[in-house]
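Here is a short report for a reader new to this chain. Take a look at the structure, then read on.

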Amino acid sequence: MCRNIRTLHNFEPPATPDEVDAAALQYVRKISGSAKPSQANAEAFEKAVAAVAEATRELLDGLTTTAPPKDREVEAAKARARAELRYAR
């Protein structure tokens with residue numbers, strides 16, 4: 001999985017449309033191998049981003065859990081701590 005794509009399920013507050021769109025864009029960039037498509041491929045690229053974002057919204061709306069919602073600040077702190085260990089010199 002692409003490192004820039006983050007878990008969006010079970011957060012309080014829920015994932016924003018911007019977060020869903022950003023994840024979709026990262027996914028399409030990763031699988032297409034292109035951060036910025038050529039003009040010839042721009043329409044297909046944008047359609048793919050929109051389709052992935054819609055599928056992501058449907059998925060997030062359909063998921064249920066009994067786990068308590070995660071706190072974004074706590075999860076961000078955990079990620080920073082893991083990064084410090086991983087990249088410590």
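A residue counts as buried when its relative accessible area is under 20%, as exposed when that area is over 50%, and as partly exposed in between. In α2, four residues meet the first of these terms: Phe 45, Val 49, Ala 53 and Thr 56 are buried. They cover an arc of only 70 degrees around the axis, so they sit on the same side of α2. The model behind these values is predicted.

## The chain as a whole

The chain holds 3 helices and 2 strands. Read from the N terminus, its elements follow the order β-α-α-β-α. The chain has 89 residues, and 17% of them count as buried. About 7,000 Å² of the chain is exposed, and carbon and sulfur atoms supply 55% of that area.

How does the radius of gyration of the chain stand against that of a compact globule of 89 residues, and what are the two values? The globule would come near 12 Å, but the chain has 16 Å. The C-alpha trace spans about 45 × 40 × 15 Å along its principal axes.

Contacts across the sequence can be sorted by separation. Take those between residues at least 6 apart in sequence: 69% of them join residues at least 24 apart.

## Two helices

The table sets out α1 and α2.

| Helix | Residues in helix | End-to-end C-alpha span | Expected span |
|---|---|---|---|
| α1 | 16 residues | 22 Å | 22 Å |
| α2 | 21 residues | 30 Å | 30 Å |

For α2, the expected span rests on 1.5 Å a residue, and the distance between its end C-alpha atoms agrees with it. For α1, the reach from first C-alpha to last is close to the expected value.

An α-helix has 3.6 residues a turn, so residues three or four places apart point the same way. The buried residues of α2 pack against α1. The face of α2 turned away from its buried side looks unlike this. There lie the exposed residues Glu 43, Ala 44, Lys 47, Glu 58, Asp 61 and Gly 62.

Now turn to α1. Its buried residues are Val 20, Ala 23, Ala 24, Gln 26 and Val 28. What covers them includes α2.

Leu 59 also lies in helix α2. Is Leu 59 buried or partly exposed? Leu 59 is partly exposed, because its relative accessible area is 49%, and the cut-off for buried is under 20%. Leu 59 and Phe 11 are 48 residues apart in sequence, and their C-alpha atoms are 14 Å apart in space.

## The nonpolar core

Which residues make up the largest nonpolar core? It has 9 residues: Ile 5, Leu 8, Val 20, Ala 23, Ala 24, Val 28, Phe 45, Val 49 and Ala 53. Both α1 (17–32) and α2 (42–62) supply at least two residues of this core. The largest share, 4 residues, comes from α1.

Ala 53 shows one such meeting of side by side elements in detail. Setting aside neighbours within four places in sequence, Ala 53 is in contact with Val 20, Asp 21 and Ala 24.

## Turns, loops and backbone

Most residues other than glycine have a negative phi, and most peptide bonds are trans. Asn 10 departs from the first pattern: it is not a glycine, yet its phi is positive, about 65 degrees. Asn 10 is placed in the segment before β1. With a relative accessible area of 16%, Asn 10 is buried, because that value falls under the 20% cut-off.

A little further on, the peptide bond between Glu 12 and Pro 13 is cis, with omega about 0 degrees. Pro 13 lies in the loop between β1 (11–12) and α1.

Just after α1 comes Gly 33, which has a positive phi of about 75 degrees. Ser 34 lies in the loop between α1 and α2. What does Ser 34 touch, leaving aside its neighbours within four places in sequence? Ser 34 is in contact with Arg 29 and Phe 45. The C-alpha atoms of Ser 34 and Phe 45 are separated by 9.4 Å, and the two residues are 11 apart along the chain. Phe 45 is also among the buried residues of α2 and belongs to the largest nonpolar core.

Conventions
Residues numbered from 1 in each chain as written. Predicted model: local features only at pLDDT ≥ 70, side-chain atom pairs only at ≥ 80, totals over all residues. Heavy atoms only, no water. Core = buried A, V, L, I, M, F, W, Y, C linked by side-chain atoms within 4.5 Å. Buried < 20%, exposed > 50% of the residue type's maximum accessible area, 1.4 Å probe, protein only. Contact = heavy atoms within 4.5 Å. Expected span 1.5 Å × (residues − 1). Arc of directions from axis to C-beta. Rg over C-alpha atoms; globule rule 2.2 N^0.38 Å. Areas by Shrake-Rupley, 256 points an atom, 1.4 Å probe, with all protein chains shown as cover.
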